[in-house]
Amino acid sequence: MALHKDDHAGSRTNLNSGCKRRRMIMERNFSWEELPSGVLELIFSKLGVIEFLLMACVCKSWRAIIIAMMEQFMAKQGPPLAFYMSPNARKYCYFYNLYENRLYRASLPHLSGNKCIGYTCGYLVLVDSTLGQKKPDIWLVNPFTRHELQFPRPPKPYCNVILGALVNNPVSDFVAVAISKLNPFLQFIRSGDAKWTCFEFHELKVEDEWRIVDAAIFQGKIYLLSNNGQIGVLVLKSKITKKPMVELLDVEKIQFTFNSERRYCHIVTTPSELYVVEISRCGVTFVMNRLDFETNKWETVKLKREILYFGKSSKSIALTIPKPYEIKKTRFLEGKGENWRIIGDGGGHVARCFVGEGSLVESYDILLSTPKHWKPDICIAPPVWYFPHLAMTVDPVYG
């Protein structure tokens, strides 16, 4: 991936560029891999988040150091990156770092004729943007590790795709799950499969209007959330029937606050907790419930010192727990920058975040304005939050 930085004056700098002659002389004298790890850690700790992730692509030894530093480094960072892609993109897309107020242009494969419908485990989900849907494949592309996954297009309608890494499976490495909020089925495919497997919900003996509104991987299992507040686990292959099935948890239904036509519902996870977040359609208010696995009950919780990020088009959502000084830096979004501004009506190309501090929760709308040197068609599509701390690993799925 070739990544460039657009500075405030509108000029563009290639992060991978340098004096070729000087580089050739240096390479004759030593190898970059031979640099002491302590020196590399010191250098890497001074980088911005995008430059930090790119260092993992240099060589295996650098990647090992980056992975070891990942948790501590990301804990010091600010908001996630905002990903923008023009509907007419052929080669380039954009990442915007609100924390540093910097805009980056990235060249990625498979952009031409495709659109981004979401984000999963560091991968952008790219599908055919035309009404005819003539392209036979969908692509999952990680812009920092450069890893790509290609799957045939699901045969039935879908609105989102999540990715998991199969553990203790001798045949397949990955599994992709495609859900549709409007239809009574879900689809999944393993890396070694030639076609998608479709699971019809009538096999669950639930009401006719039962649908899946979100899916997420938590502690090795694929959790599904229904439109009526039920939660279950997708089993790819039952030990008894040898067929896929959904095991509904013995948990009371979530009592949603907003009606079905005026809400977004999402599963949000941390390493130790599973939440269901209900967000009003206008995006101004939300309710968050935590599942207590010991009592099998839902508990309504409030943001304390966390930040909840989600896109206007609901393509990406995550919960982060920053340190106190980072909340103050996030609130700097209230000010004015050259490449972005805050709006309050939810219009335009908006990504939203909720900032919690004690009993107070504040909502921010973030709109990336168009710099003068950009072409008019840039940023027509809504942004997707990109979470760098999740970019290096894929959630494991057991069984």
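What share of the 399 residues in the chain is buried? Buried residues make up 49% of them, where buried means under 20% relative accessible area, exposed means over 50% and partly exposed lies in between, with a 1.4 Å probe and protein chains only.

**Notes for all views.** This is a predicted model, in which local features need pLDDT of at least 70 and side-chain atom pairs count only at pLDDT 80 or more, while totals for chains, interfaces and linings use all residues. Residues are numbered from 1 along each chain as its sequence is written, and side-chain values use heavy atoms, with hydrogens and water left out.

**View 1. The whole chain comprises five helices and 28 strands.** Helices (H or I, at least four residues) and strands (E, at least two) are DSSP runs, numbered from the N terminus. Of the contacts in the chain with a separation of 6 or more, 51% are accounted for by residues 24 or more positions apart, a contact being heavy atoms within 4.5 Å. The chain exposes about 20200 Å², of which carbon and sulfur atoms supply 52%; these areas come from the Shrake-Rupley method with a 1.4 Å probe, and for residues only the protein chains shown count as cover.

**View 2. An open sheet of five strands has the order β13-β12-β11-β10-β28.** The pairing in this sheet is mixed, and two strands are said to pair if DSSP finds at least two bridges between them. Strands β13 (197–200) and β28 (396–398) stand at the edges with a single partner strand each, so one side of each is left without a neighbour in the sheet. On average, neighbouring strands of this sheet are turned by 35 degrees against each other, direction ignored; the axes are lines fitted to C-alpha atoms, for helices over the stretch in contact, and angles run from 0 to 180 degrees between N-to-C directions. Towards the β13 edge, strand β12 (residues 185–190) pairs with β13 in the antiparallel sense over four bridges, and Phe185 has Glu200 in β13 as its bridge partner.

**View 3. Strand β11 (residues 174–179) is largely enclosed by the rest of the structure, because six of its six residues are buried.** Both faces of β11 are covered, with Phe174, Ala176 and Ala178 buried on one side and Val175, Val177 and Ile179 buried on the other. Strand β10 (residues 160–167) runs antiparallel to β11 and is joined to it by six bridges, and Gly164 has Val175 in β11 as its bridge partner. Five bridges join β11 to β12, again in the antiparallel sense, and here Val175 stands opposite Arg190 in β12. Strands β11 and β12 form a hairpin, with five residues between them.

**View 4. An open antiparallel sheet of four strands has the order β14-β15-β16-β17.** Its edge strands are β14 (212–218) and β17 (245–248), each of which pairs on one side only. From one strand to the next, the twist averages 30 degrees. Strand β16 (residues 231–235) and β17 run antiparallel and are joined by four bridges, with Glu247 in β17 as the bridge partner of Val233.

**View 5. Phe95 lies in strand β4 (residues 92–97).** Phe95 is buried, with a relative accessible area of 0%. Leaving aside its neighbours within four places in sequence, Phe95 is in contact with ten residues: Ile50, Leu81, Ala82, Phe83, Arg102, Leu103, Tyr104, Ala106, Pro143 and Tyr386. The C-alpha atoms of Phe95 and Trp385 are separated by 9.5 Å, although these residues are 290 residues apart along the chain.
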